[in-house]
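Q: Please take a close look at one strand in the model below and at what surrounds it. Short sentences will do.

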Amino acid sequence: MIEIRNVSMEFLQSKRFKDFFYLTKSQKVVKSLINVDLMIDEGDKVAFLGPNGAGKTTLLKLIGGLLYPTYGEINVNGYNTVHNNLRSRKSVGFVLNEERSFYWRLTAVQNLEFFGVLDNLEGDRLTSKVVELIGLVGLEGAKHKKVATYSSGMKQRLAIARGLLCDPKVLILDEPTRTLDPEAVIDVKNLIMQKIHENEKRTLIIATHRFDEAEELCNKVCIIRNGELISFKTIDEIRSIYGSVSQYYHSIMERNKKD
Amino acid sequence: MSYIKAKSFIKRDFIIEFSYKLNFILTFITSIFPVISFFFISKLIAGNSSSSLLKYGGDYFSFALIGIAFIRFFQLAVDTFSGSIKRAQMAGCLEAILSSQTDSKTVVLYSSFYSFLSSGLQLIIMFLVGIIFFGFDIHNVNIAGAVFSFVTSLLIFISLGVFSAAGTIIFKQGEPIGWLFGVVSSLISGAMFPVEVMPSWLRFISKAFPTTYALDALRLALLKNASVLVLKNQLCILSIIALILFPLSLKTFEWAVERGKRDGTLMQY
(Lines give C-alpha, C1' and ligand atoms only; values in the text may rest on other atoms or scores of the structure.)
Protein backbone atom coordinates (compact mmCIF):
# COMPACT_ATOMS: atom_id res chain seq x y z
CA MET A 1 0.00 0.00 0.00
CA ILE A 2 1.18 3.52 -0.79
CA GLU A 3 0.00 6.39 1.37
CA ILE A 4 0.61 9.90 0.14
CA ARG A 5 -0.36 12.39 2.81
CA ASN A 6 -0.65 16.11 2.13
CA VAL A 7 2.49 16.11 0.00
CA SER A 8 3.90 19.29 -1.48
CA MET A 9 7.14 19.59 -3.41
CA GLU A 10 9.03 22.79 -4.01
CA PHE A 11 12.10 22.89 -6.23
CA LEU A 12 14.83 25.44 -5.73
CA GLN A 13 14.96 27.48 -8.92
CA SER A 14 18.58 28.46 -8.57
CA LYS A 15 21.27 27.62 -6.12
CA ARG A 16 23.78 30.16 -4.98
CA PHE A 17 26.46 29.84 -2.35
CA LYS A 18 24.35 31.61 0.29
CA ASP A 19 21.40 29.32 -0.50
CA PHE A 20 23.59 26.41 0.52
CA PHE A 21 23.56 27.62 4.10
CA TYR A 22 19.94 28.79 3.93
CA LEU A 23 21.04 32.31 4.70
CA THR A 24 18.48 33.87 2.40
CA LYS A 25 14.91 34.17 3.56
CA SER A 26 13.32 34.38 0.14
CA GLN A 27 14.66 31.70 -2.17
CA LYS A 28 13.02 31.33 -5.54
CA VAL A 29 11.06 28.09 -5.55
CA VAL A 30 8.86 26.33 -8.07
CA LYS A 31 5.87 24.54 -6.61
CA SER A 32 5.67 21.22 -8.39
CA LEU A 33 3.10 19.50 -6.19
CA ILE A 34 0.57 21.06 -3.84
CA ASN A 35 -1.14 19.19 -0.98
CA VAL A 36 -1.48 15.84 -2.73
CA ASP A 37 -3.40 13.15 -0.83
CA LEU A 38 -3.64 9.70 -2.35
CA MET A 39 -3.98 6.07 -1.27
CA ILE A 40 -2.90 3.32 -3.64
CA ASP A 41 -3.79 -0.21 -2.58
CA GLU A 42 -1.78 -3.36 -3.19
CA GLY A 43 -2.43 -4.64 -6.70
CA ASP A 44 -3.80 -1.32 -7.97
CA LYS A 45 -2.83 -0.32 -11.48
CA VAL A 46 -2.86 3.47 -11.48
CA ALA A 47 -2.32 5.88 -14.34
CA PHE A 48 -1.20 9.47 -13.73
CA LEU A 49 -2.49 11.71 -16.48
CA GLY A 50 -1.82 15.39 -16.91
CA PRO A 51 -0.19 17.97 -19.16
CA ASN A 52 3.59 18.46 -19.33
CA GLY A 53 4.93 19.94 -16.12
CA ALA A 54 1.84 18.95 -14.14
CA GLY A 55 3.93 17.11 -11.53
CA LYS A 56 3.46 13.47 -12.63
CA THR A 57 7.15 12.58 -12.75
CA THR A 58 7.80 14.44 -9.50
CA LEU A 59 5.12 12.35 -7.79
CA LEU A 60 6.64 9.15 -9.20
CA LYS A 61 10.10 10.13 -7.99
CA LEU A 62 8.72 10.95 -4.56
CA ILE A 63 7.13 7.50 -4.35
CA GLY A 64 10.38 5.92 -5.57
CA GLY A 65 12.39 7.78 -2.92
CA LEU A 66 14.44 9.72 -5.47
CA LEU A 67 13.04 12.98 -4.11
CA TYR A 68 11.98 13.97 -0.63
CA PRO A 69 8.76 15.96 -0.17
CA THR A 70 9.06 19.52 1.07
CA TYR A 71 5.91 18.99 3.15
CA GLY A 72 3.86 15.91 3.99
CA GLU A 73 4.89 12.27 3.91
CA ILE A 74 4.82 9.17 1.77
CA ASN A 75 4.79 5.60 3.07
CA VAL A 76 5.47 2.67 0.77
CA ASN A 77 4.41 -0.65 2.30
CA GLY A 78 4.71 0.91 5.75
CA TYR A 79 8.12 2.53 5.23
CA ASN A 80 8.50 6.27 5.14
CA THR A 81 10.35 7.31 1.98
CA VAL A 82 12.48 9.85 3.88
CA HIS A 83 13.21 8.20 7.22
CA ASN A 84 13.37 4.65 5.85
CA ASN A 85 14.47 5.49 2.35
CA LEU A 86 16.43 2.31 1.59
CA ARG A 87 13.71 0.02 2.99
CA SER A 88 10.95 1.85 1.14
CA ARG A 89 12.98 1.47 -2.08
CA LYS A 90 13.34 -2.28 -1.61
CA SER A 91 9.83 -2.92 -2.83
CA VAL A 92 9.95 -0.43 -5.70
CA GLY A 93 11.15 -0.96 -9.25
CA PHE A 94 11.61 2.24 -11.22
CA VAL A 95 11.47 2.35 -15.01
CA LEU A 96 12.96 5.71 -15.95
CA ASN A 97 12.10 7.24 -19.29
CA GLU A 98 15.66 8.48 -19.63
CA GLU A 99 17.29 6.69 -22.57
CA ARG A 100 20.71 7.58 -21.25
CA SER A 101 20.21 5.84 -17.93
CA PHE A 102 22.29 2.87 -19.13
CA TYR A 103 26.00 2.44 -19.67
CA TRP A 104 26.12 2.57 -23.44
CA ARG A 105 29.50 0.87 -23.75
CA LEU A 106 28.24 -2.13 -21.79
CA THR A 107 26.03 -4.84 -23.26
CA ALA A 108 22.45 -5.39 -22.11
CA VAL A 109 23.55 -8.37 -20.02
CA GLN A 110 26.43 -6.44 -18.45
CA ASN A 111 24.10 -3.55 -17.62
CA LEU A 112 21.50 -5.81 -16.04
CA GLU A 113 24.20 -7.69 -14.11
CA PHE A 114 25.57 -4.42 -12.74
CA PHE A 115 22.17 -3.08 -11.68
CA GLY A 116 21.22 -6.55 -10.40
CA VAL A 117 24.17 -6.54 -8.01
CA LEU A 118 23.07 -3.09 -6.82
CA ASP A 119 19.71 -4.71 -6.08
CA ASN A 120 21.52 -7.32 -3.96
CA LEU A 121 21.33 -10.20 -6.43
CA GLU A 122 24.37 -12.45 -6.82
CA GLY A 123 25.62 -15.74 -8.22
CA ASP A 124 23.15 -18.10 -9.87
CA ARG A 125 20.19 -15.99 -8.75
CA LEU A 126 21.57 -13.01 -10.62
CA THR A 127 22.44 -15.00 -13.73
CA SER A 128 19.05 -16.70 -13.95
CA LYS A 129 17.21 -13.43 -13.25
CA VAL A 130 19.08 -11.66 -16.04
CA VAL A 131 18.40 -14.52 -18.48
CA GLU A 132 14.72 -14.58 -17.46
CA LEU A 133 14.27 -10.81 -17.87
CA ILE A 134 16.17 -10.61 -21.14
CA GLY A 135 13.80 -13.30 -22.41
CA LEU A 136 10.76 -11.55 -20.96
CA VAL A 137 11.49 -8.29 -22.77
CA GLY A 138 12.50 -10.08 -25.97
CA LEU A 139 16.12 -9.01 -26.22
CA GLU A 140 17.76 -12.46 -26.46
CA GLY A 141 19.10 -11.78 -29.95
CA ALA A 142 20.79 -8.54 -28.90
CA LYS A 143 21.76 -9.34 -25.34
CA HIS A 144 25.50 -9.24 -26.03
CA LYS A 145 25.36 -6.07 -28.10
CA LYS A 146 26.41 -2.75 -26.63
CA VAL A 147 23.47 -0.63 -25.51
CA ALA A 148 24.86 2.17 -27.71
CA THR A 149 23.62 0.17 -30.73
CA TYR A 150 20.10 -0.20 -29.35
CA SER A 151 17.02 1.60 -30.69
CA SER A 152 14.83 3.64 -28.33
CA GLY A 153 12.34 0.78 -28.14
CA MET A 154 15.04 -1.71 -27.18
CA LYS A 155 16.37 0.64 -24.49
CA GLN A 156 12.86 1.04 -23.14
CA ARG A 157 12.39 -2.71 -22.96
CA LEU A 158 15.76 -2.99 -21.23
CA ALA A 159 14.64 -0.31 -18.76
CA ILE A 160 11.56 -2.39 -17.96
CA ALA A 161 13.79 -5.43 -17.40
CA ARG A 162 15.93 -3.38 -15.03
CA GLY A 163 12.86 -2.21 -13.15
CA LEU A 164 11.88 -5.83 -12.59
CA LEU A 165 15.29 -7.01 -11.31
CA CYS A 166 14.34 -6.79 -7.64
CA ASP A 167 10.98 -8.44 -8.32
CA PRO A 168 9.25 -5.32 -6.99
CA LYS A 169 5.87 -5.17 -5.33
CA VAL A 170 5.48 -1.70 -6.83
CA LEU A 171 6.53 -1.02 -10.41
CA ILE A 172 6.76 2.61 -11.43
CA LEU A 173 6.86 3.47 -15.12
CA ASP A 174 7.55 7.03 -16.20
CA GLU A 175 6.06 7.54 -19.66
CA PRO A 176 7.23 4.13 -20.88
CA THR A 177 6.26 4.78 -24.51
CA ARG A 178 7.17 8.46 -24.79
CA THR A 179 9.92 8.28 -27.40
CA LEU A 180 8.74 5.22 -29.28
CA ASP A 181 7.36 4.77 -32.78
CA PRO A 182 3.82 3.31 -33.12
CA GLU A 183 5.01 -0.27 -33.53
CA ALA A 184 7.34 -0.07 -30.55
CA VAL A 185 4.49 1.46 -28.52
CA ILE A 186 2.38 -1.63 -29.20
CA ASP A 187 5.37 -3.84 -28.34
CA VAL A 188 6.02 -2.20 -24.99
CA LYS A 189 2.32 -1.97 -24.15
CA ASN A 190 1.89 -5.67 -24.88
CA LEU A 191 4.91 -6.43 -22.78
CA ILE A 192 3.45 -4.58 -19.81
CA MET A 193 0.01 -6.02 -20.48
CA GLN A 194 0.94 -9.67 -20.88
CA LYS A 195 3.97 -10.16 -18.70
CA ILE A 196 3.85 -7.61 -15.93
CA HIS A 197 0.18 -6.98 -15.57
CA GLU A 198 -0.55 -10.66 -14.92
CA ASN A 199 0.87 -10.43 -11.38
CA GLU A 200 -2.30 -9.40 -9.57
CA LYS A 201 -0.50 -8.44 -6.38
CA ARG A 202 1.97 -6.12 -8.09
CA THR A 203 1.09 -2.46 -7.90
CA LEU A 204 1.65 -0.60 -11.15
CA ILE A 205 1.94 3.17 -11.40
CA ILE A 206 2.30 4.72 -14.83
CA ALA A 207 2.74 8.34 -15.77
CA THR A 208 1.51 8.74 -19.31
CA HIS A 209 0.01 11.04 -21.93
CA ARG A 210 -1.70 8.16 -23.71
CA PHE A 211 -5.34 7.54 -22.88
CA ASP A 212 -5.29 4.06 -24.43
CA GLU A 213 -2.42 3.07 -22.16
CA ALA A 214 -4.31 4.28 -19.09
CA GLU A 215 -7.49 2.52 -20.20
CA GLU A 216 -5.91 -0.79 -21.12
CA LEU A 217 -3.29 -1.12 -18.39
CA CYS A 218 -4.89 0.48 -15.35
CA ASN A 219 -7.89 0.12 -13.07
CA LYS A 220 -7.61 3.63 -11.62
CA VAL A 221 -6.81 6.98 -13.18
CA CYS A 222 -5.52 10.07 -11.49
CA ILE A 223 -5.46 13.50 -13.12
CA ILE A 224 -2.85 16.01 -12.04
CA ARG A 225 -2.84 19.63 -13.15
CA ASN A 226 -0.50 22.43 -12.01
CA GLY A 227 0.74 20.26 -9.16
CA GLU A 228 -2.73 19.51 -7.82
CA LEU A 229 -4.49 16.18 -7.89
CA ILE A 230 -7.83 17.19 -9.37
CA SER A 231 -9.49 13.82 -9.88
CA PHE A 232 -9.03 10.16 -8.96
CA LYS A 233 -11.47 7.53 -10.21
CA THR A 234 -11.68 3.85 -11.06
CA ILE A 235 -11.88 2.79 -14.68
CA ASP A 236 -15.37 1.39 -14.01
CA GLU A 237 -16.56 4.76 -12.69
CA ILE A 238 -14.98 6.55 -15.63
CA ARG A 239 -16.62 4.22 -18.15
CA SER A 240 -20.04 4.49 -16.55
CA ILE A 241 -19.94 8.30 -16.15
CA TYR A 242 -17.82 9.52 -19.07
CA GLY A 243 -17.62 6.57 -21.46
CA SER A 244 -13.84 6.66 -21.92
CA VAL A 245 -10.64 7.89 -20.30
CA SER A 246 -10.21 10.43 -23.08
CA GLN A 247 -13.63 11.99 -22.44
CA TYR A 248 -13.06 11.85 -18.69
CA TYR A 249 -9.74 13.67 -19.03
CA HIS A 250 -11.05 16.42 -21.30
CA SER A 251 -14.15 16.89 -19.22
CA ILE A 252 -12.19 17.23 -15.97
CA MET A 253 -9.61 19.54 -17.52
CA GLU A 254 -12.34 21.73 -19.05
CA ARG A 255 -14.22 21.95 -15.77
CA ASN A 256 -11.01 22.74 -13.95
CA LYS A 257 -10.17 25.54 -16.36
CA LYS A 258 -13.56 27.14 -15.73
CA ASP A 259 -13.08 26.81 -11.96
CA MET B 1 27.82 -8.98 -0.90
CA SER B 2 30.14 -5.97 -0.39
CA TYR B 3 32.92 -7.81 -2.21
CA ILE B 4 30.58 -8.70 -5.07
CA LYS B 5 29.40 -5.10 -5.33
CA ALA B 6 32.97 -3.83 -5.32
CA LYS B 7 33.87 -6.33 -8.05
CA SER B 8 30.86 -5.27 -10.06
CA PHE B 9 31.85 -1.59 -9.97
CA ILE B 10 35.43 -2.47 -10.96
CA LYS B 11 34.21 -4.66 -13.83
CA ARG B 12 31.88 -1.91 -15.08
CA ASP B 13 34.62 0.71 -15.08
CA PHE B 14 37.23 -1.59 -16.58
CA ILE B 15 34.93 -2.50 -19.50
CA ILE B 16 34.15 1.17 -20.13
CA GLU B 17 37.80 2.28 -19.89
CA PHE B 18 39.07 -0.63 -21.97
CA SER B 19 36.56 0.15 -24.70
CA TYR B 20 38.59 3.35 -25.32
CA LYS B 21 41.74 1.34 -26.08
CA LEU B 22 44.12 4.13 -27.11
CA ASN B 23 43.26 6.18 -24.04
CA PHE B 24 43.60 3.07 -21.88
CA ILE B 25 47.13 2.40 -23.12
CA LEU B 26 48.19 6.07 -23.07
CA THR B 27 47.12 6.42 -19.44
CA PHE B 28 49.84 4.00 -18.43
CA ILE B 29 52.46 5.14 -20.93
CA THR B 30 52.18 8.82 -19.99
CA SER B 31 52.85 8.01 -16.35
CA ILE B 32 56.46 7.28 -17.37
CA PHE B 33 57.18 10.77 -18.79
CA PRO B 34 57.37 12.68 -15.47
CA VAL B 35 59.85 10.07 -14.22
CA ILE B 36 62.10 10.66 -17.21
CA SER B 37 61.79 14.47 -16.90
CA PHE B 38 62.74 14.50 -13.25
CA PHE B 39 65.65 12.16 -13.87
CA PHE B 40 67.19 14.71 -16.27
CA ILE B 41 66.38 17.63 -13.94
CA SER B 42 68.18 15.75 -11.18
CA LYS B 43 71.19 15.36 -13.51
CA LEU B 44 71.16 19.10 -14.05
CA ILE B 45 71.27 19.95 -10.36
CA ALA B 46 73.53 17.08 -9.30
CA GLY B 47 76.21 18.38 -6.95
CA ASN B 48 74.32 21.64 -6.32
CA SER B 49 71.40 20.19 -4.42
CA SER B 50 70.17 21.77 -1.20
CA SER B 51 71.39 20.54 2.16
CA SER B 52 67.73 20.09 3.10
CA LEU B 53 67.73 17.03 0.85
CA LEU B 54 70.21 15.28 3.14
CA LYS B 55 67.38 14.40 5.51
CA TYR B 56 66.10 12.13 2.71
CA GLY B 57 69.48 10.80 1.56
CA GLY B 58 70.56 13.69 -0.68
CA ASP B 59 69.44 12.30 -4.06
CA TYR B 60 67.06 14.69 -5.81
CA PHE B 61 65.70 12.13 -8.27
CA SER B 62 64.56 9.76 -5.50
CA PHE B 63 63.11 12.71 -3.59
CA ALA B 64 61.18 14.00 -6.63
CA LEU B 65 60.00 10.57 -7.80
CA ILE B 66 58.29 9.92 -4.47
CA GLY B 67 56.80 13.42 -4.53
CA ILE B 68 55.35 13.35 -8.01
CA ALA B 69 54.25 9.70 -7.91
CA PHE B 70 52.34 10.01 -4.66
CA ILE B 71 50.97 13.49 -5.32
CA ARG B 72 49.61 12.14 -8.59
CA PHE B 73 48.04 9.20 -6.79
CA PHE B 74 46.57 11.30 -3.97
CA GLN B 75 45.30 13.87 -6.46
CA LEU B 76 43.39 11.08 -8.13
CA ALA B 77 41.99 9.96 -4.78
CA VAL B 78 40.56 13.44 -4.38
CA ASP B 79 39.27 13.79 -7.96
CA THR B 80 37.86 10.32 -8.55
CA PHE B 81 34.78 10.61 -6.34
CA SER B 82 33.47 13.86 -7.73
CA GLY B 83 34.43 12.63 -11.20
CA SER B 84 32.36 9.48 -10.85
CA ILE B 85 29.36 11.46 -9.58
CA LYS B 86 29.68 13.92 -12.42
CA ARG B 87 29.99 11.17 -15.03
CA ALA B 88 26.94 9.38 -13.61
CA GLN B 89 24.96 12.65 -13.64
CA MET B 90 25.95 13.44 -17.22
CA ALA B 91 25.40 9.88 -18.44
CA GLY B 92 21.97 9.90 -16.79
CA CYS B 93 22.80 6.82 -14.71
CA LEU B 94 22.88 8.48 -11.29
CA GLU B 95 19.12 8.34 -10.84
CA ALA B 96 19.05 4.67 -11.85
CA ILE B 97 21.86 3.87 -9.42
CA LEU B 98 20.30 5.80 -6.56
CA SER B 99 16.92 4.15 -7.12
CA SER B 100 18.58 0.76 -6.53
CA GLN B 101 18.82 -1.02 -3.21
CA THR B 102 22.35 0.16 -2.53
CA ASP B 103 22.92 3.17 -0.32
CA SER B 104 24.58 6.31 -1.65
CA LYS B 105 27.73 6.00 0.51
CA THR B 106 28.47 2.54 -0.88
CA VAL B 107 27.87 3.81 -4.40
CA VAL B 108 30.33 6.69 -4.09
CA LEU B 109 33.03 4.60 -2.39
CA TYR B 110 32.82 1.67 -4.78
CA SER B 111 32.70 3.96 -7.81
CA SER B 112 36.29 4.93 -7.07
CA PHE B 113 37.78 1.43 -6.79
CA TYR B 114 38.73 1.03 -10.44
CA SER B 115 40.42 4.43 -10.48
CA PHE B 116 42.45 3.44 -7.45
CA LEU B 117 43.53 0.18 -9.08
CA SER B 118 44.45 1.97 -12.29
CA SER B 119 46.36 4.69 -10.44
CA GLY B 120 48.01 2.15 -8.17
CA LEU B 121 49.28 0.41 -11.29
CA GLN B 122 50.56 3.74 -12.65
CA LEU B 123 52.31 4.35 -9.33
CA ILE B 124 53.98 0.95 -9.55
CA ILE B 125 55.02 1.58 -13.17
CA MET B 126 56.59 4.92 -12.18
CA PHE B 127 58.62 3.26 -9.42
CA LEU B 128 59.58 0.29 -11.59
CA VAL B 129 60.90 2.64 -14.28
CA GLY B 130 62.75 4.60 -11.59
CA ILE B 131 64.27 1.43 -10.11
CA ILE B 132 65.14 -0.36 -13.37
CA PHE B 133 66.35 2.53 -15.53
CA PHE B 134 67.28 5.42 -13.27
CA GLY B 135 68.79 3.87 -10.16
CA PHE B 136 66.11 4.51 -7.56
CA ASP B 137 67.56 2.80 -4.48
CA ILE B 138 65.24 0.38 -2.69
CA HIS B 139 67.70 -0.94 -0.14
CA ASN B 140 66.63 1.48 2.56
CA VAL B 141 62.90 0.83 2.42
CA ASN B 142 61.03 0.23 5.64
CA ILE B 143 57.94 -1.62 4.46
CA ALA B 144 55.87 -1.24 7.64
CA GLY B 145 56.63 2.49 7.83
CA ALA B 146 55.80 2.97 4.14
CA VAL B 147 52.57 0.96 4.27
CA PHE B 148 51.35 2.68 7.42
CA SER B 149 52.17 6.12 5.98
CA PHE B 150 50.46 5.26 2.71
CA VAL B 151 47.26 3.87 4.23
CA THR B 152 46.71 6.74 6.69
CA SER B 153 47.46 9.29 3.97
CA LEU B 154 45.14 7.54 1.55
CA LEU B 155 42.29 7.64 4.07
CA ILE B 156 42.70 11.40 4.33
CA PHE B 157 42.66 11.92 0.59
CA ILE B 158 39.70 9.60 0.15
CA SER B 159 37.89 11.75 2.73
CA LEU B 160 38.80 14.92 0.82
CA GLY B 161 37.55 13.21 -2.32
CA VAL B 162 34.22 12.34 -0.71
CA PHE B 163 33.91 15.96 0.48
CA SER B 164 34.59 17.01 -3.08
CA ALA B 165 31.85 14.67 -4.35
CA ALA B 166 29.42 16.19 -1.83
CA GLY B 167 30.48 19.61 -3.16
CA THR B 168 29.73 18.46 -6.70
CA ILE B 169 26.22 17.44 -5.69
CA ILE B 170 25.56 20.72 -3.90
CA PHE B 171 27.43 23.26 -6.07
CA LYS B 172 27.34 21.33 -9.40
CA GLN B 173 30.40 22.93 -10.97
CA GLY B 174 34.02 23.38 -10.03
CA GLU B 175 35.13 21.11 -7.24
CA PRO B 176 36.96 23.60 -5.00
CA ILE B 177 38.43 20.94 -2.73
CA GLY B 178 40.06 19.12 -5.64
CA TRP B 179 41.36 22.37 -7.05
CA LEU B 180 42.73 23.53 -3.71
CA PHE B 181 44.40 20.20 -3.16
CA GLY B 182 45.84 19.88 -6.63
CA VAL B 183 47.27 23.33 -7.10
CA VAL B 184 48.16 24.47 -3.62
CA SER B 185 49.29 21.30 -1.95
CA SER B 186 51.58 20.20 -4.76
CA LEU B 187 53.16 23.65 -4.61
CA ILE B 188 53.75 24.01 -0.90
CA SER B 189 53.76 20.46 0.47
CA GLY B 190 57.14 19.61 -0.92
CA ALA B 191 56.19 17.49 -3.89
CA MET B 192 59.09 18.68 -6.03
CA PHE B 193 61.30 20.51 -3.56
CA PRO B 194 61.83 20.26 0.21
CA VAL B 195 59.60 22.55 2.27
CA GLU B 196 62.76 23.78 4.02
CA VAL B 197 63.74 25.85 0.96
CA MET B 198 60.55 27.94 1.20
CA PRO B 199 60.25 31.15 3.24
CA SER B 200 59.18 30.64 6.85
CA TRP B 201 55.60 31.90 6.36
CA LEU B 202 55.04 29.39 3.52
CA ARG B 203 56.59 26.64 5.64
CA PHE B 204 54.08 27.56 8.32
CA ILE B 205 51.17 27.29 5.87
CA SER B 206 52.48 23.98 4.54
CA LYS B 207 51.96 22.49 7.99
CA ALA B 208 48.21 22.86 7.48
CA PHE B 209 48.30 20.44 4.54
CA PRO B 210 48.26 16.68 5.23
CA THR B 211 50.29 16.18 2.04
CA THR B 212 53.29 17.69 3.82
CA TYR B 213 53.23 15.02 6.54
CA ALA B 214 52.32 12.25 4.07
CA LEU B 215 55.23 12.97 1.72
CA ASP B 216 57.66 13.47 4.59
CA ALA B 217 56.69 10.13 6.16
CA LEU B 218 56.75 8.27 2.84
CA ARG B 219 60.17 9.66 1.88
CA LEU B 220 61.68 8.81 5.24
CA ALA B 221 60.21 5.29 5.12
CA LEU B 222 61.23 4.64 1.51
CA LEU B 223 64.64 6.34 1.49
CA LYS B 224 65.89 6.29 5.09
CA ASN B 225 64.45 3.03 6.44
CA ALA B 226 62.38 4.98 8.99
CA SER B 227 60.23 2.66 11.08
CA VAL B 228 56.70 3.30 12.37
CA LEU B 229 58.27 4.33 15.67
CA VAL B 230 60.56 6.88 14.03
CA LEU B 231 57.59 8.24 12.06
CA LYS B 232 55.30 8.41 15.08
CA ASN B 233 54.84 12.20 14.93
CA GLN B 234 53.85 12.29 11.28
CA LEU B 235 51.71 9.14 11.60
CA CYS B 236 49.91 10.47 14.68
CA ILE B 237 48.98 13.67 12.86
CA LEU B 238 47.88 11.75 9.77
CA SER B 239 45.88 9.22 11.82
CA ILE B 240 44.06 11.90 13.80
CA ILE B 241 43.16 13.80 10.61
CA ALA B 242 42.00 10.54 8.98
CA LEU B 243 39.90 9.51 11.99
CA ILE B 244 38.13 12.86 11.99
CA LEU B 245 37.76 13.38 8.25
CA PHE B 246 36.72 9.92 7.04
CA PRO B 247 33.42 9.49 8.97
CA LEU B 248 32.72 13.20 8.61
CA SER B 249 33.11 13.04 4.84
CA LEU B 250 30.72 10.08 4.55
CA LYS B 251 28.14 11.88 6.69
CA THR B 252 28.56 15.02 4.60
CA PHE B 253 28.05 13.08 1.39
CA GLU B 254 24.94 11.41 2.75
CA TRP B 255 23.65 14.83 3.79
CA ALA B 256 24.41 16.26 0.33
CA VAL B 257 22.43 13.47 -1.37
CA GLU B 258 19.50 14.00 1.00
CA ARG B 259 19.73 17.74 0.41
CA GLY B 260 19.70 17.12 -3.36
CA LYS B 261 16.63 14.92 -2.98
CA ARG B 262 14.94 17.50 -0.78
CA ASP B 263 15.40 20.49 -3.09
CA GLY B 264 15.18 18.48 -6.32
CA THR B 265 18.66 19.32 -7.58
CA LEU B 266 20.28 15.88 -7.29
CA MET B 267 20.29 15.27 -11.02
CA GLN B 268 21.26 18.77 -12.07
CA TYR B 269 24.81 19.37 -13.28
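The answer starts at the strand and works outwards.

Q: Where does strand E8 of chain A sit in its sheet, and are its two faces buried or exposed?

A: This is a predicted model. Start with burial. Strand E8 of chain A covers residues 203–207, and five of its five residues are buried. Cover comes from both sides. One face carries Thr203(A), Ile205(A) and Ala207(A), and these are buried. The opposite face carries Leu204(A) and Ile206(A), which are buried too.

Next, the partners. On one hand there is strand E3 of chain A, residues 45–49, which pairs with E8(A) in the parallel sense over four bridges. Two positions show the register. Lys45(A) stands opposite Leu204(A). Ala47(A) has Ile206(A) as its bridge partner. On the other hand there is strand E7 of chain A, residues 170–174. E7(A) and E8(A) are also parallel, with five bridges. Here Asp174(A) is placed opposite Ala207(A).

Now the whole sheet. It is open and has six strands of chain A, ordered E6-E7-E8-E3-E9-E10. The pairing is mixed. E6 (92–95) and E10 (228–234) of chain A stand at the edges, and each has a single partner strand, so one side of each lacks a neighbour in the sheet. From one strand to the next, the twist averages 15°. A helix also lies across part of this sheet. Helix H6 of chain A, residues 152–163, crosses E6 and E7 of chain A and runs at about 170° to E6(A).

Side chains come next. Phe48(A) has contacts with Ile205(A), Ile206(A), Ala207(A) and Thr208(A), leaving aside its neighbours within four places in sequence. Other contacts of Phe48(A) include Leu38(A), Ile40(A), Leu59(A), Leu60(A), Ile63(A), Cys222(A) and Ile224(A). Lys56(A) is in contact with Phe48(A) as well. Phe48(A) also matters for the count in the largest nonpolar core. That core has 159 residues, and Phe48(A) and Ile160(A) touch the most other members. Its largest share, 17 residues, comes from helix H4 of chain B, residues 60–91. Domain 1 and domain 2 of chain A both give residues to this core, so the core lies between them. Apart from it lies another core of five residues, including Ile188(B), Val195(B), Met198(B) and Phe209(B).

Then the domains. Domain 1 of chain A is 1–91 + 171–181 + 198–259, and domain 2 is 95–167. Their C-alpha centres lie 26 Å apart. The contact takes 12 residues from domain 1 of chain A and 13 residues from domain 2 of chain A. Together the two domains bury about 1,000 Å², with 51% of it on carbon and sulfur atoms. Asp174(A), opposite Ala207(A) in the sheet, returns here. With Leu171(A) and Arg202(A), Asp174(A) supplies 35% of the area that domain 1 buries against domain 2 of chain A, more than any other three residues.

Last, the chains. Chain B gives 35 residues to the contact and chain A gives 43 residues. About 3,800 Å² is buried between chain B and chain A, and carbon and sulfur atoms give 58% of that area. On the side of chain B, Gln101(B), Lys261(B) and Arg262(B) supply 21% of the area buried against chain A, more than any other three residues.

Conventions. Residues are numbered from 1 along each chain as its sequence is written. Chains are lettered from A and ligands numbered from 1 in the order in which they are written. This is a predicted model: local features need pLDDT of at least 70, side-chain atom pairs count only at pLDDT 80 or more; totals for chains, interfaces and linings use all residues. Side-chain values use heavy atoms; hydrogens and water are left out. A nonpolar core is a set of buried Ala, Val, Leu, Ile, Met, Phe, Trp, Tyr and Cys residues joined through side-chain atoms within 4.5 Å. Buried means under 20% relative accessible area, exposed over 50%, partly exposed in between (1.4 Å probe, protein chains only). Domain bounds come from an automatic or database domain assignment. Contact means heavy atoms within 4.5 Å. Two strands pair if DSSP finds at least two bridges between them. Axes are lines fitted to C-alpha atoms, for helices over the stretch in contact, and angles run from 0 to 180 degrees between N-to-C directions. Buried area is the accessible area (1.4 Å probe) that two parts lose on being put together, summed over both.
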